[in-house]
2 protein chains.
Amino acid sequence: MPARRAKRKTYHHGALREALVTNALELLDAGGREAVNVREAARRAGVSPGAPFRHFPDRAALLAALTSEIGAEFRAFSEDAIARAGANPLRQFRAMGLAYIRYAIEHPRRFQLLHAETCTDPHALALFTRDAEAVALIARAQREGFLRAGPPEAVHLAAQALTYGLARMIVDGHLPRAGAEALAEQVLDVFGRGVAAPR
Amino acid sequence: MPARRAKRKTYHHGALREALVTNALELLDAGGREAVNVREAARRAGVSPGAPFRHFPDRAALLAALTSEIGAEFRAFSEDAIARAGANPLRQFRAMGLAYIRYAIEHPRRFQLLHAETCTDPHALALFTRDAEAVALIARAQREGFLRAGPPEAVHLAAQALTYGLARMIVDGHLPRAGAEALAEQVLDVFGRGVAAPR
DNA sequence: TCCCAATGTAATCATTGATTACTTTGCGTT
DNA sequence: AACGCAAAGTAATCAATGATTACATTGGGA
């Protein structure tokens with residue numbers, strides 16, 4: 001209830017845990033993972049440096065909570081994009097990839113945290129949670145003649161790596177963000193024509 | 001000359017700068033970028049905490065020197081792989097991609113540092129230093145009928161993104177390192193068949 | 001030889017994470 | 001409605017690190 005950064009009237013904050021995570025998110029967006037620190041989050045919540053300890057045993061726990069929060073946001077973002085893509089599974093797959101890339105463009109620091117080596121949240125990576133399903137889909141499309149032959153696992157991994165690579169290149173500064181989305185669509189088209197069965 | 005971690009006989013270390021970078025590399029490999037700290041590097045060199053200041057104005061400078069060192073190593077690694085690939089440009093390109101991935105498997109922390117958003121070393125990224133040349137090569141292969149038609153810039157970016165994505169997936173823990181190289185070869189094959197002109 | 005610039009030491013300060021004892025609050029129980 | 005207790009925050013403290021300054025030592029060149 002009490003506004004962040006304002007002097008608190010009550011002894012108890014009321015929603016310190018949430019406030020800390022929110023403040024940590026601000027710090028992350030502003031300066032990356034290394035800029036996330038407990039004291040500043042506490043300061044912005046108008047609370048003493050020891051207070052966060054009641055909610056998070058250490059900095060890693062705060063980062064974990066932040067990661068979880070961001071994971072949920074990303075999942076919602078991704079699933080929304082899939083829902084908008086209609087019923088065609090291949091269109092859905094493409095939409096998921098583009099959502100991935102768009103999220104990386106819009107929230108690079110969050111993307112970075114979410115996919116860091118240290119992130120162990122199994123649900124954090126929406127793109128990688130339907131592997132078996134996606135591979136089966138690819139195998140079926142191959143049998144039905146829509147996709148050219150080849151090991152479906154490799155085709156799937158290629159699609160993942162391509163998407164992840166584009167997103168990562170943007171986040172890591174190897175691809176200018178301006179126009180990156182349009183470029184990404186071209187790249188996905190090249191790949192799509194590559195894996196499609198020759199007519 | 002004096003061994004690291006041993007008590008120094010002389011007042012002057014002799015090669016403190018190099019020793020600090022070496023120690024920083026150890027810290028990086030052991031615990032990632034965040035584990036690199038000036039004091040520990042100084043401690044391991046058997047030198048006081050203030051000594052590094054003579055060589056590096058701050059921690060960022062030490063990290064920059066470390067990055068530069070790693071960049072040179074990676075470049076040599078990559079160029080060696082290309083040299084071994086023979087004269088065929090397409091084979092060279094494939095060899096470069098595989099070298100990229102192999103380096104990521106062998107030295108994930110170094111790869112990570114080298115490709116971090118904060119890395120500004122323009123020569124650090126061997127894969128991305130011959131863009132115009134590679135695009136021209138692709139365009140020529142298309143004209144000569146080896147590759148199917150399509151915007152050569154997009155084909156080139158697709159190849160880059162695929163390679164970078166695989167390497168990054170390994171580094172970020174999204175792909176088990178065991179067997180990753182063989183898997184990567186399969187993926188590059190799928191891509192290669194995709195961009196190759198239909199026979 | 002001697003001087004001085006380079007290099008390392010010692011001491012110090014600020015920031016941050018972590019931890020403990022103490023204080024305040026407000027809710028559930030009676 | 002009063003009480004008591006658990007939850008939540010404060011204050012104080014310690015350790016580790018980065019940064020910075022004044023001082024000491026060394027060795028090579030004028």
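How far is a phosphate oxygen of DNA strand D from a polar backbone atom of Ser48(A)? The first legend has the answer. This is a predicted model, where local features need pLDDT of at least 70, side-chain atom pairs count only at pLDDT 80 or more, and totals for chains, interfaces and linings use all residues. Residues are numbered from 1 along each chain as its sequence is written, chains are lettered from A and ligands numbered from 1 in the order written, and side-chain values use heavy atoms, with hydrogens and water left out.

**View 1. Protein around DNA strand D.** The gap asked about is 2.6 Å, from the phosphate oxygen to Ser48(A); a polar contact is a pair of N or O atoms within 3.5 Å (within protein, one must be able to donate a hydrogen and the other to accept it, and residues adjacent in sequence count only if both atoms are side-chain atoms). Arg59(B) also has a polar backbone atom 2.9 Å from a phosphate oxygen of the strand. Arg39(B) goes for a base instead, with a polar side-chain atom 2.7 Å from a base nitrogen. In total, 22 residues surround strand D, counting any with a heavy atom within 4 Å of it. Helix H2 (residues 38–44) of chain B gives the largest share, three residues; helices here are DSSP runs (H or I, at least four residues), numbered from the N terminus.

**View 2. Protein around DNA strand C.** Here 23 residues surround the strand, and among the nearest are Asn37(A) and Arg39(A). Ser48(B) puts a backbone N or O atom 2.6 Å from a phosphate oxygen, while His55(B) brings a polar side-chain atom to 2.8 Å from a phosphate oxygen. Over on the bases, a polar side-chain atom of Arg54(A) sits 3.5 Å from a base nitrogen. Helix H2 (residues 38–44) of chain A gives the most to this surface, with three residues.

**View 3. Where chain B meets chain A.** Each chain puts 35 residues into the contact (heavy atoms within 4.5 Å). About 3,000 Å² is buried between them, 64% of it from carbon and sulfur atoms; buried area is the accessible area (1.4 Å probe) that two parts lose on being put together, summed over both.

**View 4. Salt bridges between chain B and chain A.** The two chains share six salt bridges (a side-chain nitrogen of Lys or Arg within 4 Å of a carboxyl oxygen of Asp or Glu). One of them joins Arg33(B) to Glu34(A), with the closest N and O atoms 2.9 Å apart.

Key
Helix = DSSP H or I, 4+ residues; strand = E, 2+ residues; numbered from the N terminus.
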